[in-house]
Amino acid sequence: MNISKSMKYDLFVASIAALFLAVSIITPTHAKANNDAVKGAQKWADNCARCHNMRDPKELSDEYWETTVNHMRIRAGLTGQDARDILAFLQASNTPPEKEISKPVSINQISSKLSGEEVYKSSCIACHGSDGKGALPGTPDFTNAKGPLNKNDEELLSNMINGFQSPGSPMAMPPRGGNASLTDADVKAVLGYIRATFGK
Amino acid sequence: MKKAKLKVHLMALTAAILPVAAYADNEDDNLREQVDALQKQVERLENAAATRNTDSSFHMAGYGSVEYADSDSGVGAFNKVMVAPIIHYTYQDWLMFETEFELSNTADGGTELALEYASVDLFLNDSVALVAGKFLSPIGQFRQNLHPSWINKAVSAPAGFGHGGAAPLSETGLQLRGGFPVGEMRANYAFYIGNGPTLAAVVEQHEGDYELAIEEVETEGRTNDPDGKKSFGGRFGFLPFSGLEIGISAAKGKATVTDAFAGGHDGPELDIESSGEFDYDAIGADFRYGWKNLELRGEYIKTEIGEGSAGVALHSDDLPEDYLGPSEFDDAEVGEWKAWYLQAAYKIPTTPLEVVIRTSELQTPHFGENYSQRTVGLNYLFAPHVIAKFNYEMKDYDSSIAGEQDTVKLQLAYGF
């Protein structure tokens, strides 16, 4: 049977389209994995900066971020999980810490089951970097003698537990760095690690 | 004496109680403030919950800009005002409709309205989204991701990446796109099938002979398909590590002459009937590398109109009076359109300033239309999405008539 050049062409196109649709249909839709604000911070920085300046998470409401992240998922070719993680981070950062009613913090806590290093590597490193100098624009430099480690432990623990935005930074650190499973003792442990490792 | 002693005791007791009472009042005030704050927060959340439809969400975004240009061959003027509202509508977590309009003023004070894109996006799963409608061409990076004025680092588009250049603009059809992990790395893709481009041709006299030449590949997504054949193409992007993205693109299809002009694109438009078709091919490559405050970008696009037949018949009523050429053309002069750019942008630490340098070039089959464009710029970021740009742009044409042209350009751009 003779197949014309144009028909081969159309068959080729149809085959590729069918392949993609088949893959789409047989793959489970909308995997419901946990959304990780900590991973979302890194993904936000990695992907948004591919095209434009990173915007302040407080520019849009949580609801608008849902729509905007969907738009960015299409534009940037993100996976669904990447988009959900970024959304979790933006929404966590979007909630301003209520200073007036923030929980008072005591540094006399029971000890953490995790080491400060473990907590740092799991929940802090994405934004603050392995060298403590800040991996994302606006993240403060722990190694700077005039940096955040100038503050006393009570204030730093309060900032870490309740969330904090450095003056001039386009992004806020969400409460407990976006990892709600961290206990006060874990936060105290990581503060000790940060002081010992990056403090001058 | 006893009375006096009692008075002293009473005064002492009063003095002791007053501070305690004052302290208690302070505590009450603090508690009241906290309760008030909590009450406001609860009311805010209740209002938000009451007004929000949990299935549907609507959001208007977009961008706008105002430009001023002063070239060494013209008079300085506020030469462009535009706003591009983008409407997003989402239904649950699997459907989104998005559309962008572009409204801009014209030289004579009128208004131009264009539909940049309008598509229904279905999120089929975590790695695949189906986009249906008119969408920005996924060939390359600039058109689909970088052209909005608050994102573009310079005032102008690079040479060849605007209308009438080498880079495809938009397409009408179906597109599958998404991303997937490759170990610790990331990849993304876009594949489309659409109506494809059409061709604009000119009838010109060259050394006594009349000939038809393809002047422009018209890649604005359209809702008809004169050749009846679909074009397809796409882009594959790879991110081996944070900060670096490398992309390759390609498109293939057929294209038909739908518009013809006498003497050049600015000449009178001719009424034609067209039955021929040409091969249409486009390839592209792009990269982006970001390191701390430095960003480097580059892109190359080549569009080629190859073998085929013109099959163009001119309607005699429409021809200029002095036209002595044929009324039909079986063939046409074809060719390649190539464009590239390299761009570096550096945000000066602890300041709102950003320095930009870009060089770009467009090559076409037509003498007089080829040019290189070099831009140096300084941007002031009032906010990440509110930017004032100051550019010095140098254009160098291959024609001595157009020659060189230097222009100072200012732009205030914002995204919302």
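**Exercise 1. Count the salt bridges between chain B and chain A, and place individual examples**.

Solution. Between chain B and chain A there are four salt bridges, a salt bridge being a side-chain nitrogen of Lys or Arg within 4 Å of a carboxyl oxygen of Asp or Glu. The model is predicted, so that local features need pLDDT of at least 70 and side-chain atom pairs count only at pLDDT 80 or more, whereas totals for chains, interfaces and linings use all residues. Side-chain values use heavy atoms, with hydrogens and water left out, residues are numbered from 1 along each chain as its sequence is written, and chains are lettered from A and ligands numbered from 1 in the order in which they are written.

Begin with Arg50(A), which pairs with Glu245(B) in a salt bridge whose closest N and O atoms are 2.9 Å apart. Turn next to Asp126(B), which forms a salt bridge with Arg84(A), the closest N and O atoms being 2.8 Å apart. This second pair crosses between chains, from the loop between strand S4 (111–123) and strand S5 (129–136) of chain B, where Asp126(B) lies, to helix H4 of chain A, which holds Arg84(A); helices (H or I, at least four residues) and strands (E, at least two) are DSSP runs, numbered from the N terminus. Over all chains, a search of the whole structure finds 24 salt bridges.

**Exercise 2. Describe the area that chain B and chain A bury between them**.

Solution. The two chains bury about 4600 Å², 55% of it on carbon and sulfur atoms, where buried area is the accessible area (1.4 Å probe) that two parts lose on being put together, summed over both. Within chain B, the residues that lose the most area to chain A are His59(B), Phe123(B) and Asp126(B), which together account for 14% of what that side buries. Counting residues in contact (heavy atoms within 4.5 Å), one finds 64 from chain B and 49 from chain A.

**Exercise 3. Find the volume of the largest cavity and characterise its lining**.

Solution. On a 1 Å grid over the protein atoms alone, a cavity is a set of points where a 1.4 Å probe fits but cannot get out, and lining residues have an atom within 4 Å of a point. Grid points are joined across faces, edges and corners, and a volume is the space filled by probe spheres set on the points. The largest cavity has a volume of about 540 Å³. Its lining comprises 35 residues, and those nearest the centre are His52(A), Thr68(A), His71(A), Met72(A) and Trp150(B). Among the elements, H3(A) gives the most to this lining, with seven residues. By class, the lining has 21 nonpolar, eleven polar and three charged residues, with Ala, Val, Leu, Ile, Met, Phe, Trp, Tyr, Cys and Pro counted as nonpolar, Asp, Glu, Lys and Arg as charged, and the others, Gly among them, as polar.

Notes: On a 1 Å grid over the protein atoms alone, a cavity is a set of points where a 1.4 Å probe fits but cannot get out, and a pocket is an open set with protein on both sides within 12 Å along at least five of seven lines; lining residues have an atom within 4 Å of a point.
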